[in-house]
Amino acid sequence: MAEKPQPVHVVYCGVCGLPAEYCEFGPDFAKCKDDKEVEKAAEKLQAVGIGGGAGGDVSVGASTSKQEEVKRLPGGKIKKKEKQEVVIEKIVRNKRKCVTVVKGLDLFGVKLSDASKKLGKKFATGASVVKGPTEKEQIDVQGDISYDIVEFITDTWPDVPESAIFFIEDGRKVAAA
């Protein structure tokens, strides 16, 4: 009877996030050479044999303290956590017409489609969910509603604190409170 093939155990570098044998092609090869845990894990794999039968005691992925602090994607890119904040921006078009843009409500667990309907009804304007320039969804509301929107957001969605709402005025972020 034929032997069942065993899964291959891959050791990932804690510095660049690539498999250990591809570290030399990563962006931080000098730092990867200094990472002793990757070398030890690679030696264990070679001793056991890649795809060998007794690979249960080999550690998969060398974990370092750097990896626990910041999430690293393959290729050494760092993924930052998004701050939970609502940003309100007034955009003037045609010198008289305004569009109020609300970004970040989805970070508080608010469904943007429901929020746009409520904003449209409250302020008697058109409101829609659109993708912004950073490929994230935001709510565009016709008209200048920045005077009353903070109170409406905090009353309608109690999970959104007033300290997490900011306005963008003259290119600077200003707290709403």
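## A salt bridge between neighbouring strands

E89 and K103 form a salt bridge, with their closest N and O atoms 3.4 Å apart. A salt bridge here is a side-chain nitrogen of Lys or Arg within 4 Å of a carboxyl oxygen of Asp or Glu. E89 sits in strand β3 and K103 in strand β4, so this pair ties together parts that are 14 residues apart in sequence. Strands (E, at least two residues) and helices (H or I, at least four) are DSSP runs, numbered from the N terminus.

Are these two buried or exposed? Neither: E89 is partly exposed because its relative accessibility is 22%, and K103 is partly exposed too, at 28%. For these labels, buried means under 20% relative accessible area, exposed means over 50%, and partly exposed is in between (1.4 Å probe, protein chains only).

## What you're looking at

This is a predicted model, where local features need pLDDT of at least 70 and side-chain atom pairs count only at pLDDT 80 or more, while totals for chains, interfaces and linings use all residues. Residues are numbered from 1 along each chain as its sequence is written, and side-chain values use heavy atoms, with hydrogens and water left out.

## Two more salt bridges

How many salt bridges turn up in a search of the whole structure? The count is 3. One of them joins the side chains of K173 and E85, at 2.6 Å from N to O. K173 is in strand β8 and E85 is in the loop between β2 (78-79) and β3, so the pair ties together parts that are 88 residues apart in sequence. E85 counts as buried because its relative accessible area is 16%.

Another links the side chains of K90 and D144, with 3.5 Å from N to O. Here the chain's distant parts are linked: K90 is in strand β3, D144 is in the loop between β6 and α5, and they are 54 residues apart. K90 is partly exposed, with 40% relative accessibility, and D144 is partly exposed as well, at 34%.

K90 has other company, too. Skip its neighbours within four places in sequence, and K90 is in contact (heavy atoms within 4.5 Å) with C98, V99 and D144. Its C-alpha atom is 9.9 Å from that of Q142, a residue 52 places away along the chain.

## Strand β3 and its partners

Strand β3 covers residues 86-93, and you can trace two pairings from it. Strands pair if DSSP finds at least two bridges between them. With strand β4 (residues 97-103), β3 runs antiparallel and shares 7 bridges; for instance, I88 has V102 in β4 as its bridge partner. With strand β7 (residues 165-169), the pairing is parallel and has 4 bridges. There, V87 stands opposite F166.

β3 and β4 also form a hairpin, with 3 residues between them.

## Two loop residues with positive phi

Now for a backbone quirk. Most residues other than glycine have a negative phi. N94 isn't a glycine, yet its phi is positive, at about 55 degrees. You'll find N94 in the loop between β3 and β4, where its relative accessible area of 63% makes N94 exposed.

D170 is another non-glycine residue with a positive phi, near 55 degrees. D170 lies in the loop between β7 and β8 (172-175), and its 75% relative accessibility means that D170 counts as exposed.

## Inside the model

Which residues have the most contacts inside the largest nonpolar core? They are V86, L105, I149 and I153, in a core of 22 residues. At least two residues of this core come from each of β3, α4 (112-123), β6 (137-142), α5 (149-156) and β7. Apart from it lies another core, of 6 residues, including C13, V15, L18 and C32. A nonpolar core is a set of buried Ala, Val, Leu, Ile, Met, Phe, Trp, Tyr and Cys residues joined through side-chain atoms within 4.5 Å.

Take a look at V86: leaving aside neighbours within four places in sequence, its contacts include L105, F108, I153, I165 and F166. Then there's Q138, found in strand β6. Q138 is buried because its relative accessible area is 10%. Beyond its neighbours within four places in sequence, Q138 is in contact with several residues, among them V101, V102, K103 and L112.
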